[in-house]
Every structure is written in C-alpha cells, then in structure tokens.
Amino acid sequence: MTTPYFFYMVCLMPGRDYLGEFEHIVVLALLRLAEQAYGVTVRREIEVRTGREVSIGAIYATLDRLEAKGYVKSQLGDPTPERGGRSKRFFHVTGKGVAAVNRTHRALHSMTKGLDLARSYSL
C-alpha cells in the first residue's frame, strides 16, 4: 500500500507596514520634537506645520496605536506642580518606527514619480 504525500508551498507576503496619513504626521512631529515630544507639544507641532486642527484625543489614540505596533515608546517624566503633580508622558520613535517612515516615504515617492502634480487634473 502506498501512502499519498501532499506538499504545499506557503509564500508569506510582507505585512503592510506603511504608516497611515495621520500616523505619518504624528511620527514626523515626534522626530522634530525629539526630547520635548508629549501629547500637547505634538498637537501644537501638527497644528502649526499643517494648519490642521486636531483633538488631543486623536493624538493620544494614534500614539497608543503606534506604541502597540512598536513604532514609538513612551516614558513618564517627573511630576510637575503646574500639572497638579501629574507626570507628562514623553514619546520617542523607535528604529522600527524610523524604518516605517522610510518605507512610507519610498512608497509615496514611487507612486508620485513621473506624475505632473502641477498640472490640474479634472475628474
């Protein structure tokens, strides 16, 4: 009696490790702010540079998501009297986060390469 053998090949596709638009903006703000990156300063940086108003809730939800993905890390600073004894939560971009920014930049560059973006496109 012969035993049938079944072989199969599995190809793993790389994960979608691109940053979404707002995630991209938040990570770039963290990189600009360096050691001064916490919720309020990130919000201010985004509003000043993009002219886009954002809620502090949207900032923290995005920072939490980025931290869960391993793109950023946070740590608590010292408690301050002006914050009623509460600590600020500071954020910094990890190596994995920098790689995600670079992947996203390359993908956007590739998608726009050869397009005449100054030309008006009509739908």
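Colleague: Why are helix 1 and helix 2 called roughly perpendicular to each other?
Modeller: The axes of helix 1 (residues 21-33) and helix 2 (residues 39-50) cross at roughly 110 degrees. Angles of 65 to 115 degrees count as roughly perpendicular (under 35 is roughly parallel, over 145 roughly antiparallel, the rest oblique). The pair therefore earns the description roughly perpendicular. This is a predicted model: local features need pLDDT of at least 70 and side-chain atom pairs 80 or more, while totals for chains, interfaces and linings use all residues. Residues are numbered from 1 along each chain as its sequence is written, and side-chain values use heavy atoms, leaving out hydrogens and water.

Colleague: Thanks! What else describes a pair of packed helices besides the angle between their axes?
Modeller: The distance between the axes is the other part of the description. For helix 1 and helix 2, the axes come within 9 Å. Axes here are lines fitted to C-alpha atoms, for helices over the stretch in contact, with angles from 0 to 180 degrees between N-to-C directions.

Colleague: Which residues make the meeting of helix 1 and helix 2?
Modeller: On the helix 1 side they are Phe22, Ile25, Val26, Ala29, Leu30, Arg32 and Leu33. Their partners in helix 2 are Thr41, Val42, Glu45, Ile46 and Arg49. Contact means heavy atoms within 4.5 Å.

Colleague: Why does the length of helix 1 agree with its number of residues?
Modeller: Helix 1 has 13 residues and should span 18 Å (1.5 Å times one less than the number of residues). Its end C-alpha atoms are 19 Å apart, so the two values agree. Helix 2, with 12 residues, reaches 16 Å from its first C-alpha to its last, close to the 16 Å expected.

Colleague: What comes just after each of these helices?
Modeller: Just after helix 1, Ala34 takes a positive phi of about 50 degrees, and Ala34 is a residue other than glycine. Helix 2 is followed by Gly51, with a positive phi near 75 degrees.

Colleague: Where does Ala34 sit, and why is Ala34 called partly exposed?
Modeller: Ala34 belongs to the loop between helix 1 and helix 2. Buried means under 20% relative accessible area and exposed over 50%, with partly exposed in between (1.4 Å probe, protein chains only). Ala34 has 43% relative accessibility, so Ala34 counts as partly exposed.

Colleague: What makes Gly39 a buried residue?
Modeller: The relative accessibility of Gly39 is 0%, so Gly39 counts as buried. Gly39 is found in helix 2 and touches Ile56, Ile59, Tyr60 and Arg89, not counting residues up to four places away in sequence. Its C-alpha atom is separated by 7.8 Å from that of Phe90, although the two residues are 51 apart along the chain.

Colleague: Why is Thr41 called buried?
Modeller: Thr41 has a relative accessible area of 10%, so the word buried applies. This residue of helix 2 is in contact with Leu33 and Gln36, leaving aside neighbours within four places in sequence.

Colleague: Which other residues of helix 2 are buried, and what do the buried ones pack against?
Modeller: Besides Gly39 and Thr41, the buried residues of helix 2 are Val42, Glu45 and Ile46. The buried residues of helix 2 pack against helix 1, helix 3 and strand 2. In helix 1, the buried residues include Phe22, Ile25, Val26, Ala29, Leu30 and Leu33. Those of helix 1 pack against helix 2, helix 3 (56-68), strand 1 (72-79), strand 2 and helix 4.

Colleague: Where is Thr94, and why is Thr94 called buried?
Modeller: Thr94 lies in the loop between strand 2 (87-93) and helix 4 (95-112). Its relative accessibility is 13%, so Thr94 counts as buried. Not counting residues up to four places away in sequence, Thr94 touches Gly70, Tyr71, Val72 and Lys73.

Colleague: Why does Glu67 count as partly exposed?
Modeller: Glu67 has 25% relative accessibility, so partly exposed is the right term. Glu67 has its place in helix 3. Apart from neighbours within four places in sequence, Glu67 is in contact with Val72, Lys73, Ser74, Arg89 and Phe91. Glu67 and Val93 are 26 residues apart in sequence and 9.0 Å apart in space, C-alpha to C-alpha.

Colleague: How many helices and strands are there, and in what order do they run?
Modeller: The protein has 4 helices and 2 strands, running α-α-α-β-β-α from the N terminus on. They are DSSP runs numbered from the N terminus (helices H or I, at least four residues; strands E, at least two). Of the 123 residues in the protein, 27% are buried.
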